[in-house]
Each structure stands twice: as structure tokens, then as C-alpha cells.
Amino acid sequence: MDKTQFTMLGMTGSGKTCYLLGMYKKMLGGLKGFSLTTDDDTDVDLRKRYSRMGDSSLGQDRFPAGTDQTDFYDFTLEHALSPIMTFRWIDYPGGMLDEKTDGDIEQYNKLEEYIRKSSSLFICVDGALLQGDDNEEKTELVQEKCSSLINPFLSKYLKNNTFLPPTAILVTKSDLCMEHTDSDDLREIMEEAFSPLFTESQDADRFISIIPVSIGKSISENGYQGKLSPKQLELPIFMGVCFALASQQENLVRDIKEKESQQKEVIRKRDDEAGAFFLWRDDDKVARLGKDAEELNKELHRRESLYDKVQRDGKRLLEKLEEKVKVVYFNGKQYESFTEAADEYMKANR
């Protein structure tokens, strides 16, 4: 993978753009030592749009209109102002999920490519669909408004690909539904609405989490006068980066072993040459091999230091996910522990 990237799916109006703005604003000020940075132009744009979203005098107009294009954002997650990982966030317009029905499949095929190159996939489900006490009715609404398009797309995707990135179902606007829809209700509704994702498959391993997120409690009440107060918006980022770090860590292990093997071979050749009878010994070759061994040793130390940093950063993120993400599955089985499910996924994909 050339660049770590995350793809977000969701129907028009599901809150994808509001999520992005709230997530960036929340992480700007720092969260338990974690923060996000981006380039100056993107920073100015996102701050301006978040500021408008915070202006309650605008009523419903404070919220951004649904996008009709694919947007790309490059961020760097940091801890204690030290970079952890740079990643690309891809916000895909919900209306394009059904483009294939109009005969234009170019954007539809691009989405498949984005997901194939992503280290995590996020699916937005509008919390407004989960209001009320009837779980059957709420499930039908999610199926009608969301999963009836996303499930067929993922079915098509998995016919062409053997890899499904770790996936989080984000319940946006969760403040609208949490009074009547608890975690057990969410689990029941999502298991039914997205049942293919919660079923074990021989074709592709499935890691699925369910994460409620919100930009503010009761923000839509009284003519959309509610105050912005983002909740749990950082968790999808933490999840995506955590899985990307785990893959990077495994690559580093292989790289370190390869460098160690190369170093041993160079040292063996140097020692063999140095121990040769002086009439046949090539002192220049001995010196050259000695320098090669020193360079390999420096490369090893650099990779070992990077491995230690990746391990520390991954552990920090995993601790937050273990604490906050309580509904998680691997291959159709629900796990009590995010860490345990993630470990199973990584083992299966080595």
C-alpha cells in the first residue's frame, strides 16, 4: 500500500461531512496527548466550515450540504506532537453508490479501487433512522435507506477482491437515538441490516465494530440551536491507524529479519576473506565488506527504533479502543475485547 488511507461510505445526509469537521476540530485541541495536523489550506478550510457549523443563528443552514464529489484529506495523527502516521481520508458521496443503475459505472469502479487500497472502511448509518422503540421498524428503515445499496456494493466488491478492510459501522447523530436505542439494540439492528458482514466467510475475513458518534447532544432541537459537543469522533481514526500500525509492525519484523540475515552473510564473507592466506587475501575487499556490515548495522538500528515506536504508538491507541469500543466482531463472532478480535484478524491475514 503506497499510502495509508481510509474510505468512508454513507448515503446522502448521513452526516459524513459533519463527522469529518467535528472530528478534526476535536482533535485540533488535543485528546489525551493525541492530535491531528494537516496542510495550511485544508486547515483553514476545515476550521471555517466548522465555525459555520457552530453558528446556531443559521438554523439548519449551519450544516454543510451533501457533497456530490469525492473529497480527499491528508492528515497526520500525532502523540505528544510526535507524528504517528500520515493517512488519506476519502469521503465518497453517497449518491454515487447507485450510479451503476444509471449506466455510468466509472465512479462506482473507482470506489472499489479506493476500498481495495484502504486499511480501514467506515460505513455511516444515520442515527435519525434509529429513533423510536420498534427495533423491527428501525431495521427496515436502515435497510431501505442505507444497507440496500451498501450491501450489494460490498457483494460486488468481494466477488472481485479477497480482502475486506477492518470495518467500522459509525452510527452518526447518535444523540438522536440513544434514548431509545442502547448498545444491545444497535447490535441487533446492525446484525440484521448488514447481515452479510456479520457472517463467517471463507472468501474474506470480517472485522466489524459498531461505534456511535455525535457532534452534539440535542443539536437539532429548537430549530437546530443546540451546541456543538463532539463525542467519540476520534475512535474511527484510532481504529484505522491502529490496524495500519499493526501491518507496519509486521512488515518491520520481516524487514529486520532480512537485514539481520544480510548482515550475517556480509560478516561471514568479510571474516572468510580476512582469514585467508595473505598471498590470496584482498584487503580492499575486507575493508569494503566491513563498511557494508557497518551500514547494515545502522539500518538495523533504525528499523529496530522504528519498530519500538510503532509498538508504543499502537499500544496507546489500542488502550483507548479497548476502553471505548464495546461492540466488535470477527468472522461473525462477537468478542468482549477489541484487542482479542483485532489479534484474531491480524493472525488470519498474515
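**Aromatic pairs and cysteines: group meeting talk**

Okay, let's start with a ring: Phe75 has a relative accessibility of 0%, so Phe75 counts as buried. Keep Phe75 in mind, as I'll come back to it. One thing up front: what we're looking at is a predicted model.

So, aromatics. How many aromatic pairs does a search of the whole structure find? The search turns up 19. I'll walk you through two of them.

Take Phe6 and Phe122. Their ring centres sit 5.8 Å apart and the planes make an angle of 65°; the cut-off for edge-to-face is over 60 degrees, so that's what this pair is. In the chain, these two are 116 residues apart, so to speak a link between distant parts: Phe6 belongs to strand E1, residues 5–9, and Phe122 to strand E5, residues 120–126. Buried or exposed, then, for Phe6? Buried, at a relative accessible area of 0%. Phe122 is buried as well, with its relative accessibility at 0%.

Now back to Phe75. Its partner here is Tyr24, with 5.6 Å from centre to centre and 35° between the planes, and that makes the pair tilted. Again we have a contact between distant parts of the chain. Tyr24 comes from helix H1, which covers residues 16–28, while Phe75 is in strand E3, residues 71–79, and the two are 51 residues apart. Tyr24 is buried too, at 3% relative accessible area.

Here's where those two pairs come together. Phe6, Phe122, Tyr24 and Phe75 are among the members of one aromatic cluster. The others in that cluster are Tyr19, Tyr73, Phe87 and Trp89.

A quick detour to a charge and a ring: Lys333 lies over the face of Tyr335, 4.9 Å from the ring centre.

Last topic, cysteines. As a reminder, a disulfide is a covalent bond joining the sulfur atoms of two cysteines. How many disulfides does a search of the whole structure find? The count is 0.

Why does Cys146 have no bond to Cys124? Cys124 holds the closest cysteine sulfur to that of Cys146, but the distance is 8.5 Å, which is too far for a bond. Cys146 itself is buried, at 3% relative accessibility.

For Cys177, the closest cysteine sulfur is also in Cys124, and at 13 Å that's too far for a bond. Cys177 counts as buried, with 1% relative accessibility.

That's my tour. Happy to go back to any of these residues on screen.

Technical notes. Residues are numbered from 1 along each chain as its sequence is written. This is a predicted model: local features need pLDDT of at least 70, side-chain atom pairs count only at pLDDT 80 or more; totals for chains, interfaces and linings use all residues. Side-chain values use heavy atoms; hydrogens and water are left out. Rings of Phe, Tyr and Trp (its six-membered ring) pair if their centres lie within 6.5 Å; planes under 30 degrees apart count as stacked, over 60 as edge-to-face and the rest as tilted. Helices (H or I, at least four residues) and strands (E, at least two) are DSSP runs, numbered from the N terminus. Buried means under 20% relative accessible area, exposed over 50%, partly exposed in between (1.4 Å probe, protein chains only). A charge sits over a ring if NZ of Lys or CZ of Arg is within 6 Å of the ring centre and within 35 degrees of the ring normal. A disulfide is a pair of cysteine sulfur atoms within 2.5 Å.
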